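Thanks for coming, everyone. Please have a look at the screen while I bring up the model.

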Amino acid sequence: MTEANRSATLTLDGKSYSLPVMSPVLGPDVLDIRKLYAEADVFTFDPGFTSTAACESAITFIDGDAGELLHRGYPIEQLANQSNFLEMCFLLLYGELPNAAQLEDFVSRVTRHTMVHEQMHNFFRGFRRDAHPMATMVGVVGAMSAFYHDSLDINDEWQREVAAIRMIAKLPTIAAMAYKYSVGQPFVYPKNSLSYPGNFLHMCFAVPAEDFVVNPILEKAMDRIMMLHADHEQNASTSTVRLAGSSGANPFACIAAGIACLWGPAHGGANQACLEMLREIGTVDRIPEYIAKAKDKTSGFRLMGFGHRVYKNFDPRAKVMKESADEVLGLLGIANNPLLQVAKELERIALSDDYFISKKLYPNVDFYSGIILEAMGFPTSMFTPIFALSRTVGWISQWKEMIAEKNQKIGRPRQLYIGEPKRDYVDVRHR
Ligand code: CMC
């Protein structure tokens, strides 16, 4: 628990209240208002939590002004260029980079949990074929609590660990099954001789009639996409996972809640929405029309893949993603991909426009990811499921951190009531 080192004073109706000031390792100081209601009989009002820290966390740090993202202290650029997704999972879960033996053990544990309960295949078959894969994933991940009873006890550290490994291992299998089901192809079982990203590509694109060889360019690109999405501190879906978990709900139910929250277009759903927008724009000459629409508040249109609650300079993930898009499309021999050209020109025009400059709106992680995923052969409906399977490690690390806290409390915000004052019931005959 962070100790307060000084205090601020709130004066209200002539009375003064001392608010301890806590200093984090990095980031702005935090006013501790936990006793405010008990002592001063007032709440604070902060819809959207723009100024509220809801927990202590040692996992991820973002400096939005500097465009910096650190996982357990390590910059995302270094991890994306030098690490790999499973090593990063270890780092997020346990706090340190693994040594060679620890990494081997972790990879082996994840790899041996990649299959899902055979009965789950029937569960998939209950969905309509044209269901969005995110709809299927919300249902199937929630249903994991009906299949894995031996890892539901949140008070048992070992069971929490097993649930974590199961989810990291099985989410790619579930996402790939959701995809296969939507295109009417047979499910492809995981192949444990392949890497984590390679196996995911195999489960998505292999068919029984042909041999499938994982393209190493795509395998590396997939691994990087997973790393860039692995965690992002207290965003909407992570806060949803924490809030669901704060009631003591089982980990599978909590991650299903996170997936549901991620789906929205303001959050993880933006990658699908962004690619659809780029397709709609289609050619560079139509960009000014869309820029004008984004600036017109009455249009209800926003540039998807642009803007972020925390980043006010640039999103470091977008920078790496853009480099990756260039590299992957170049290696695939499609560097002149028209969507990449539209995206780059859109970014250039937006970043020289006063509206976007003054509001500090920059491309976010979702701006370039869809271009790479499309080049790999994924339909847009799979973009957000790929975000979800990559973010699972972040959700589960944050959930484990919360459950391990000694004084963990159920999350329960207050409100500023604006409804009717107390009034008497009137019988229907007299209304
Ligand atoms: N296009 C046009 N105007 C925008 C955009 C945009 N993409 N984003 C924000 N604005 C404007 C907004 O209209 C507002 O203007 P004003 O101050 O005049 O009312 C101002 O910028 C601040 O926006 P906000 O909605 O108050 O900011 P927020 O921090 O609540 O929202 C956001 C952040 C990411 C939801 C928002 O920027 C957005 O909707 N972006 C498009 C969707 C998107 O790309 N989401 C992915 C986010 S990153 C990955 C993830 O979290 O999953």
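Start at Asp 32. Beyond its sequence neighbours up to four places away, Asp 32 touches Leu 19, Pro 20 and Met 22. Keep in mind that this is a predicted model. Asp 32 sits in the loop between strand 3, residues 30-31, and helix 1, residues 36-40. Is Asp 32 buried or exposed? Its relative accessibility is 14%, and the cut-off for buried is under 20%, so Asp 32 counts as buried. Its side chain has a partner, too. A polar contact of 2.8 Å links it to the side chain of Arg 34.

Next, Thr 2. This residue lies in the segment before strand 1, residues 4-12. Thr 2 has 30% relative accessibility and therefore counts as partly exposed. What does Thr 2 contact, leaving aside neighbours within four places in sequence? The list is Met 22, Ser 23 and Glu 56. Take Ser 23. Along the chain, Thr 2 and Ser 23 are 21 residues apart, and their C-alpha atoms are separated by 7.3 Å. Met 22 has come up twice now: Asp 32 touches it, and Thr 2 is in contact with it.

Now the core. The largest nonpolar core has 114 residues. Which of them have the most contacts inside it? Phe 200, Met 222, Met 277, Leu 303 and Phe 378. Helix 7, residues 157-182, gives the largest share of this core, with 14 residues.

Look at Phe 200 in detail. Set aside its neighbours within four places in sequence. Its contacts then include Pro 172, Ala 175 and Ala 176. Met 222 and Met 226 are also in contact with Phe 200. So are Phe 378, Met 382, Ile 386 and Leu 389.

Phe 200 is one of the buried residues of helix 8. How many of the 10 residues in helix 8, residues 196-205, are buried? The count is 9, so helix 8 is largely enclosed by the rest of the structure. Besides Phe 200, the buried set includes Tyr 196, Asn 199 and His 202. What do these buried residues pack against? Five helices are on the list: helix 3 (85-94), helix 4 (100-111), helix 7, helix 9 (216-228) and helix 18 (383-404). One detail at the start of helix 8. There, a side-chain oxygen of Ser 195 reaches to within 2.9 Å of the backbone nitrogen of Gly 198.

A quick stop at Gly 377. Gly 377 is in the loop between helix 17, residues 366-376, and helix 18. At 40% relative accessibility, Gly 377 counts as partly exposed. Not counting residues up to four places away in sequence, Gly 377 touches Tyr 179 and Phe 205. Met 115 is 262 residues from Gly 377 in sequence, and 24 Å from it in space, C-alpha to C-alpha.

Last, the ligand. There are 22 residues around it. Which come nearest? His 267, Arg 302, Leu 303, Gly 305 and Arg 309. Leu 303 is also among the core residues with the most contacts. By class, the shell has 11 nonpolar, 6 polar and 5 charged residues.

Now the polar atoms. A ligand nitrogen is 2.9 Å from a polar backbone atom of Phe 306. A ligand oxygen is 3.2 Å from an N or O atom in the side chain of Lys 297. A polar backbone atom of Gly 268 is 3.3 Å from an oxygen of the ligand. How much of the ligand is covered by the protein? Taken alone, the ligand exposes 930 Å², and the protein buries 74% of that.

Key:
Residues numbered from 1 in each chain as written. Predicted model: local features only at pLDDT ≥ 70, side-chain atom pairs only at ≥ 80, totals over all residues. Heavy atoms only, no water. Core = buried A, V, L, I, M, F, W, Y, C linked by side-chain atoms within 4.5 Å. Buried < 20%, exposed > 50% of the residue type's maximum accessible area, 1.4 Å probe, protein only. Helix = DSSP H or I, 4+ residues; strand = E, 2+ residues; numbered from the N terminus. Contact = heavy atoms within 4.5 Å. Near = heavy atom within 4 Å. Polar contact = N/O pair within 3.5 Å; in protein donor to acceptor, adjacent residues only side chain to side chain. Areas by Shrake-Rupley, 256 points an atom, 1.4 Å probe, with all protein chains shown as cover. Nonpolar A, V, L, I, M, F, W, Y, C, P; charged D, E, K, R; others polar.
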